[in-house]
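Colleague: Please pick a single part of this model and take a close look at it, setting it in its surroundings before going into the details. I would also like to know how far the coordinates can be trusted.

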Amino acid sequence: MTSPSPHARRVVLLAYPDCQVLDVCGPWQVFASANTLADQPLYELSLVARSPGTLVTNGGLAMMADLDWQGLEALGAPDTLLIAGGSGVFQQCRQRHHIDGLRELAPDIRRLGAICSGAFLLAEAGLLDDRQATTHWRHCDALARTYPRLRVIPDALYVEDKGRYTSAGVTAGIDLALSMVEDDHGAALAGRVARELVMFLHRPGGQAQFSEALLGQQRATGPLRELLDQLHADPAADHDLESMAARMSVTPRHLSRLFRRHLDTTPGAYLTRLRLEGARMHLLDARPAPSLERLAAQWRLGRAEQLRRLFHRQYGVSPSVYRQRFGPATTPAKEVPCP
């Protein structure tokens with residue numbers, strides 16, 4: 001537990017046997033790095049479990065819990081409580097101690113949330129009823145079926161609804177914690193934390209970019225997989241439907257059917273997405289910032305206005321706003337030792 005401060009917000013992470021280790025240490029490190037970079041204890045961190053002491057995560061790494069529910073209640077409700085996900089959560093949903101503890105403290109907690117499949121524990125306690133929520137893409141359907149009173153947003157990295165916070169799988173817990181630091185202390189500090197952890201302050205896109213697209217690539221085999229590898233290797237090359245089909249020795253119509261069957265998209269849409277990703281990375285790295293006209297031409301995305309529309313549709317912001325948020329820092333971040 002970090003040293004208490006009368007001005008620090010108390011943040012508690014709930015862990016249990018077979019929880020996901022990164023669901024705990026990812027958000028924890030975000031708040032700890034905020035303390036370090038601010039040169040003051042903005043957050044007082046502690047780990048709560050059924051009983052104080054050692055627990056083993058699903059990766060085999062042991063963690064030391066500071067508090068049990070009785071100790072937590074004695075201290076009073078924290079500002080923020082986040083529940084880790086992991087394979088052990090479904091066993092925890094059958095345990096009364098976590099359910100009762102959450103229900104008792106929930107009315108007094110400003111931010112009550114869950115990382116990944118930790119949403120099942122919140123839902124089991126009835127604390128997500130009539131709210132929007134998300135979880136790891138693999139569990140979204142099960143969450144919606146099991147708890148019909150909540151509305152699952154399957155492509156969100158994280159969701160906030162009336163003081164309840166849920167996030168997608170694993171690393172999305174870091175995104176959620178960064179958003180909390182930004183809400184508490186502003187974008188400047190949150191941005192410094194993100195750069196320190198080599199993260200986006202606001203990661204582009206939803207979790208579908210990590211689920212369906214990757215699953216589609218995994219399902220693609222043989223000549224189609226070889227074609228995808230070529231597109232990924234050089235998306236700005238002069239690929240068109242006819243030349244892609246010729247490389248696979250199929251007709252353009254049959255190639256389109258293969259893309260629909262394996263990737264649930266068209267060859268053109270898939271290629272546009274790859275080119276947008278290339279343009280996005282170029283926008284982040286280039287010094288000085290390239291003109292949109294030049295960027296569109298380099299990545300074969302039409303003219304500047306077309307690139308602007310495509311970029312906003314894919315990432316939710318304009319190219320200029322994106323570079324302002326995530327591009328090279330105008331001043332170097334303070335150099336600090338690794339936490």
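Modeller: The accessible surface of the protein comes to about 16200 Å², and 51% of this area belongs to carbon and sulfur atoms. The model is a predicted one, with a mean pLDDT of 87 and with 88% of the residues at 70 or more. Two stretches call for caution: over residues 208-216 the pLDDT is below 50, although the model gives this stretch 13 contacts beyond near neighbours in sequence, and over residues 329-339 the pLDDT is likewise below 50, with 11 such contacts. Where pLDDT is low, the predicted coordinates should not be read in detail.

As for the whole, the protein has 16 helices and 10 strands, and 51% of its 339 residues count as buried. Among the contacts with a separation of 6 or more, 64% join residues that are 24 or more positions apart.

The part I have chosen is strand β10, which covers residues 164-167. Strand β10 belongs to an open sheet of 6 strands with mixed pairing, in the order β2-β1-β5-β6-β10-β9. The edges of this sheet are formed by β2 (43-48) and β9, each of which pairs on one side only, and neighbouring strands are turned by 15° against each other on average, direction ignored.

Within that order, β10 stands between β6 and β9, and the two pairings differ in sense: β6 (residues 111-114) runs parallel to β10 and is joined to it by 3 bridges, whereas β9 (residues 158-161) pairs with it in the antiparallel sense over 4 bridges. Tyrosine 165 takes part on both sides, since glycine 113 stands opposite it and glutamate 160 has it as bridge partner. The hairpin of β9 and β10 has 2 residues between the strands, and there lysine 162 takes a positive phi near 50°.

Turning to the side chains, both faces of β10 are covered, with Arg164 and Thr166 buried on one side and Tyr165 and Ser167 buried on the other. One element in contact with the strand is helix α7 (residues 172-185), which lies across β1, β2, β5, β6, β9 and β10 and runs at about 145° to β10. Another helix, α1 (residues 21-38), lies across β1 (9-14), β2 and β5 (80-83), running at about 160° to β2.

Conventions
Residues numbered from 1 in each chain as written. Predicted model: local features only at pLDDT ≥ 70, side-chain atom pairs only at ≥ 80, totals over all residues. Heavy atoms only, no water. Buried < 20%, exposed > 50% of the residue type's maximum accessible area, 1.4 Å probe, protein only. Pairing = 2+ DSSP bridges. pLDDT = per-residue confidence, 0-100. Contact = heavy atoms within 4.5 Å. Areas by Shrake-Rupley, 256 points an atom, 1.4 Å probe, with all protein chains shown as cover. Axes fitted to C-alpha atoms, helices over the stretch in contact; angles between N-to-C directions.
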